[in-house]
Amino acid sequence: MEQRLSESPAVYGKSSGLAGAGGVPETLRDGEHRRVLRRRRIDWALHLVFLASTMAGVLVLAALIVDIVMDGWARFTPELVTNHPSRRASQAGMRSAVVGTVYMMLLVAPLAFILGVGAAVYLEEYAGRGRLSRLVQLNIRTLAGVPSIVYGILGLAVFVRWFALGRSLIAGALTMTLLVLPVIIVAAQEAIRAVPRSRRDASYALGATKWQTVSRAVLPSAFPGILTGVILAMSRAVGETAPLIMIGALTYVTFLPGKLTDPFTVMPIQIYNWISRAQPEFHELAAAGIMLLLILLLLMNFAAVALRNKFRGRI
Amino acid sequence: MPSIDFRNERRRRAERIVPAILSACAGVSVLTTLGIVLILVTETASFFQMVPLGEFFASTRWAPLFEPRSFGIWPLLCGTLLITVIACLVAIPLGLGAAIYLSEYAPRRLRAVLKPLLEVLSGVPTIVYGYFALTFVTPIIRAVFPETGIFNALSAGIVVGIMILPMVCSLSEDAMAAVPSSLRDGAYALGATRFEAALKVVVPAALSGIVASFVLAFSRAIGETMIVTIAAGATPKLTANPLESVQTMTAYIVQVSLGDTPHGSVEYGSIFAVGTALFAITFLMNILAQYLAKRFREEY
């Protein structure tokens with residue numbers, strides 16, 4: 001950068017030599033020259049400012065990871081997963097929370113997948129472009145911006161109270177399904193839209209009905225894209241805390257949920273429980289739990305990216 | 001042949017049933033919205049049968065859990081606003097700067113590394129940010145301002161700002177990338193530096209998208225829950241001092257639902273009243289952002 005700046009007068013001199021062949025007074029050319037130099041210096045300085053603001057985010061990410069690994073490394077042991085929560089920090093683990101998170105995902109993934117893809121297929125292939133369809137689209141975009149805690153309020157009133165499911169695994173899973181649904185619908189719509197028209201036409205030309213075309217020509221092509229969207233939505237659900245606190249996922253569970261109506265806890269809630277205790281030993285546990293959570297999220301994101309790359313351009 | 005007829009019959013039935021099933025799936029999202037609105041309205045209405053509407057909007061004290069009770073929403077709104085303003089002071093300059101850098105300055109290869117890295121920030125769960133605020137940012141603030149409490153608005157606000165930073169950056173950058181390069185080339189042909197082209201041509205052309213990204217980020221900051229619950233404390237008060245502990249609307253909702261509040265009590269109702277305020281504000285913000293992005297979009 002320094003080099004380019006020192007070079008600039010020469011470059012400028014050359015171009016102005018071309019333009020000013022008609023004999024521009026030396027003094028004016030000097031003033032102009034200084035101005036250009038100043039503008040370039042401003043450009044260069046702001047370049048650094050913009051670069052610094054970009055790096056700020058990256059540095060914070062690095063600080064966050066270093067902070068957590070330093071705090072949690074000592075407690076990042078197999079006992080973290082095999083032990084149940086305990087009032088004694090030295091023996092505490094998050095077995096019930098890890099199992100709760102896995103159960104939660106196993107319930108949310110198929111539910112959200114079916115509902116989300118169904119809605120996306122309807123909007124893209126069946127609904128047309130009428131007023132009603134536009135209204136549903138607007139509704140989905142709006143839902144994506146609703147704070148997650150509001151979904152918690154919805155879950156509390158509808159699933160916990162009205163359906164009388166109590167503070168159970170299934171109530172949590174249904175709440176989470178509604179929460180991730182808009183994300184999945186939007187991702188699935190994009191994937192379906194990316195399927196070329198020629199594929200549909202080819203299917204119709206072979207005499208296929210609409211549903212045959214959708215289910216055997218369009219969906220298989222869109223599947224990798226849809227799956228990527230579902231995985232990313234799931235990785236959001238894994239980290240969600242507030243809505244599950246709302247519907248009353250317990251923070252102290254020393255047993256594994258055996259059926260859908262059992263109480264449960266998940267990893268972020270167990271982590272929250274540890275953070276909210278005063279003793280530093282519990283903060284170390286929280287950091288170790290966060291490491292586990294971040295590794296899980298990282299794996300999910302890798303899977304999504306790998307899927308996208310594997311099927312890129314193979315429509 | 002009868003077997004083919006049978007299959008055709010089945011096929012025709014599928015053609016009739018399938019759209020109905022699919023539209024039911026799409027209907028779930030509509031029902032979700034209706035459910036949210038209906039529940040907020042009915043439960044809030046029953047809350048206001050116990051607490052006068054005037055008190056909610058006129059009282060400046062929020063003390064729902066101990067006598068004498070008082071339900072004035074202003075302290076919670078004030079706490080929320082304080083956090084959100086701090087967050088925007090962090091996220092808007094940094095996010096816009098990063099967006100300009102990525103869209104106008106960065107070499108392609110550097111951009112391919114930096115952009116995903118910033119997007120990782122948006123994938124970090126808020127509980128992790130909460131831990132970071134409490135154990136990393138707060139000690140730094142307390143080292144600089146020793147009178148700061150363990151729970152303070154500044155730490156939570158800064159970290160909420162970091163959380164919404166990728167959103168500002170990536171949406172603004174999308175808006176700038178949508179500006180046709182002919183406009184940029186025109187500026188360069190007139191001898192503009194990259195900064196001049198960015199400031200006087202690209203940013204004005206992308207302004208609606210950029211402002212929409214600010215509004216969306218603002219709305220996201222208002223609805224953020226775990227960071228403020230962990231780092232900002234649980235002291236509802238009217239203050240503009242960022243070093244004090246405050247309570248946001250979201251943090252209050254979490255605080256009440258952590259305790260065992262009986263259904264039908266005033267505290268239980270207050271969740272919904274506060275939730276309604278939260279939903280209304282974020283809803284209006286989101287509509288505003290969509291309107292901005294659509295209404296003022298320059299067509300090229």
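# Briefing on a predicted two-chain helical model

Just after helix H4(A), Gly128(A) adopts a positive phi of about 75 degrees. The model is predicted, with an ipTM of 0.90 and a pTM of 0.88. Chain A holds 12 helices and 0 strands, and chain B contributes 69 residues to a contact that takes 70 residues from chain A.

**Confidence**

- The scores for the model are ipTM 0.90 and pTM 0.88.
- In chain B, the average pLDDT is 89, and 96% of the residues score at least 70.

**Secondary structure of chain A**

- Read from the N terminus, the elements of chain A run α-α-α-α-α-α-α-α-α-α-α-α, in keeping with a count of 12 helices and 0 strands.
- Helix H4 of chain A covers residues 95-126 and has 32 residues.
- From the first C-alpha of H4(A) to the last, the helix reaches 45 Å, close to the 46 Å expected at 1.5 Å a residue.
- The positive phi of Gly128(A), about 75 degrees, comes just after this helix.

**Burial and contacts in chain A**

- Of the 315 residues in chain A, 43% are buried.
- Among contacts in chain A between residues at least 6 apart in sequence, 73% link residues at least 24 apart.

**Domains of chain A**

- The domain assignment splits chain A into domain 1 (2-75) and domain 2 (78-311).
- The centres of domain 1 and domain 2 of chain A, taken over C-alpha atoms, are separated by 44 Å.
- Contact between these domains takes 6 residues from domain 1 of chain A and 8 residues from domain 2 of chain A.
- On the side of domain 1 of chain A that touches domain 2 of chain A, the residues comprise 3 nonpolar, 1 polar and 2 charged.

**Interface between chains A and B**

- The contact between the chains draws 69 residues from chain B and 70 residues from chain A.
- Helix H1 of chain B (residues 2-50) supplies 19 residues, the largest share of the side of chain B that touches chain A.
- By residue class, the side of chain B that touches chain A divides into 43 nonpolar, 21 polar and 5 charged.

**Nonpolar core**

- The largest nonpolar core has 190 residues, of which Val159(B), Val168(B) and Ile227(B) touch the most other members.
- Leaving aside residues up to four places away in sequence, Val159(B) touches Tyr129(B), Phe132(B), Ala133(B), Val137(B), Ile227(B) and Ala231(B).
- Ile227(B) thus appears both among the residues touching the most other core members and among the contacts of Val159(B).

Methods
Residues are numbered from 1 along each chain as its sequence is written. Chains are lettered from A and ligands numbered from 1 in the order in which they are written. This is a predicted model: local features need pLDDT of at least 70, side-chain atom pairs count only at pLDDT 80 or more; totals for chains, interfaces and linings use all residues. Domain bounds come from an automatic or database domain assignment. Two residues are in contact if their C-beta atoms, placed from the backbone, lie within 7 Å. Ala, Val, Leu, Ile, Met, Phe, Trp, Tyr, Cys and Pro count as nonpolar, Asp, Glu, Lys and Arg as charged, and the others, Gly among them, as polar. A nonpolar core is a set of buried Ala, Val, Leu, Ile, Met, Phe, Trp, Tyr and Cys residues joined through C-beta atoms within 7 Å. A residue is buried if 20 or more other C-beta atoms lie within 10 Å of its own, exposed if 12 or fewer, and partly exposed in between; C-beta atoms are placed from the backbone. pLDDT is the predictor's confidence in each residue, from 0 to 100. Helices (H or I, at least four residues) and strands (E, at least two) are DSSP runs, numbered from the N terminus. The expected span of a helix is 1.5 Å times one less than its number of residues.
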